[in-house]
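Visitor: Thanks for showing me around today. Could we look at the model together and talk through its contacts one at a time?

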Amino acid sequence: HPVCADPRGIARDANGRYWITCHDGDELRVLDADGSTHASIALGYGAAPFAVVASPDGQALFVTLYGAGTVQRYSAANPNAAPTSRAVFVTPRALA
């Protein structure tokens, strides 16, 4: 079943949850291992999330917001906590 509008990236955190960037929906979806929604994180109109990658220990998730020109850092322990944001890119896309 569809998770969101135009999914672009997926990463697994240390808790076994999957983080999905929903490009056209301007949101992040965090799914539990069974596929149920753990969190939906609204990013604001035009944010256009593109890529997501977990830190080596899986405790932090980094998300590029193509439309907003930022990279955000989220906590795997608390997905709904306010992220740290860096606005140093014009149109960030891929992460590795």
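Guide: Happily, and please keep in mind that this is a predicted model. Let us start with a salt bridge, in which the side chains of Arg17 and Asp13 meet at 3.6 Å, N to O.

Visitor: Are Arg17 and Asp13 buried or exposed?

Guide: The cut-off for buried is under 20% relative accessible area. Arg17 falls in that class, and Asp13 does too. For both partners of this salt bridge the word is buried.

Visitor: How many salt bridges does a search of the whole structure find?

Guide: Besides the link of Arg17 and Asp13, Asp6 forms one with Arg8. Glu27 and Arg29 also meet through their side chains. For the whole structure, the search gives 3 salt bridges.

Visitor: How far apart are the closest N and O atoms of Asp6 and Arg8?

Guide: Asp6 is partly exposed at 27% relative accessibility, and Arg8 is partly exposed at 39%. A salt bridge needs the nitrogen within 4 Å of a carboxyl oxygen. In the pair of Asp6 and Arg8, the closest N and O atoms are separated by 2.9 Å.

Visitor: And Glu27, which meets Arg29 in a salt bridge: why does Glu27 count as buried?

Guide: The N to O distance between Glu27 and Arg29 is 3.1 Å. Burial is judged separately, with buried meaning under 20% relative accessible area. Glu27 counts as buried because its relative accessibility is 16%.

Visitor: Let us turn to the cysteines. Which residues form a disulfide?

Guide: The structure holds 1 disulfide. Its sulfur atoms lie 2.1 Å apart, and the angle of -95° about the S-S bond makes the link left-handed. The two partners are Cys4 and Cys22.

Visitor: Where in the chain do Cys4 and Cys22 sit, and how many residues apart are they?

Guide: Cys4 belongs to the segment before strand 1 (7-12), whereas Cys22 is in strand 2 (residues 18-22). The disulfide therefore links distant parts of the chain. Along the sequence, Cys4 and Cys22 are 18 residues apart.

Visitor: What is the relative accessible area of Cys22?

Guide: Its partner Cys4 is buried, with a value of 15%. Cys22 is buried as well. The relative accessible area of Cys22 is 0%.

Visitor: Now the aromatic rings. What kind of aromatic pair do Trp19 and Tyr74 form?

Guide: The whole structure has 2 aromatic pairs. In the pair of Trp19 and Tyr74, the centres are 5.8 Å apart and the planes stand at 55°. Planes under 30 degrees apart would count as stacked and over 60 as edge-to-face. The pair of Trp19 and Tyr74 is thus neither, and is classed as tilted.

Visitor: Which parts does the pair of Trp19 and Tyr74 tie together?

Guide: Both rings belong to buried residues: Trp19 at 1% relative accessibility and Tyr74 at 3%. The two residues are 55 residues apart in sequence. Trp19 lies in one strand and Tyr74 in another, so the pair ties together strand 2 and strand 7.

Visitor: How far apart are the ring centres of Phe50 and Tyr66?

Guide: This pair is tilted because its planes are at 40°. Phe50 is in strand 5, and Tyr66 is in the loop between strand 6 (60-65) and strand 7. Phe50 is partly exposed at 22%, as is Tyr66 at 27%. The ring centres of Phe50 and Tyr66 are 6.2 Å apart.

Visitor: Which strands stand at the edges of the open sheet with the order 5-6-7-8?

Guide: This sheet has 4 strands with antiparallel pairing. A strand at the edge has a single partner strand, so one side of it is left without a neighbour in the sheet. The edge strands are strand 5 (49-54) and strand 8 (84-86).

Visitor: Which residue in strand 8 does Val71 stand opposite?

Guide: Strand 7 (residues 70-75) and strand 8 pair in the antiparallel sense over 3 bridges. The residue of strand 8 opposite Val71 is Arg86.

Visitor: Finally, what is the relative accessible area of Asn80?

Guide: Asn80 is in the loop between strand 7 and strand 8. Leaving aside residues up to four places away in sequence, Asn80 touches Ala39, Ser40 and Ile41. Asn80 is nevertheless exposed, and its relative accessible area is 55%.

Terms used. Residues are numbered from 1 along each chain as its sequence is written. This is a predicted model: local features need pLDDT of at least 70, side-chain atom pairs count only at pLDDT 80 or more; totals for chains, interfaces and linings use all residues. Side-chain values use heavy atoms; hydrogens and water are left out. A disulfide is a pair of cysteine sulfur atoms within 2.5 Å. Buried means under 20% relative accessible area, exposed over 50%, partly exposed in between (1.4 Å probe, protein chains only). Two strands pair if DSSP finds at least two bridges between them. Contact means heavy atoms within 4.5 Å. Rings of Phe, Tyr and Trp (its six-membered ring) pair if their centres lie within 6.5 Å; planes under 30 degrees apart count as stacked, over 60 as edge-to-face and the rest as tilted.
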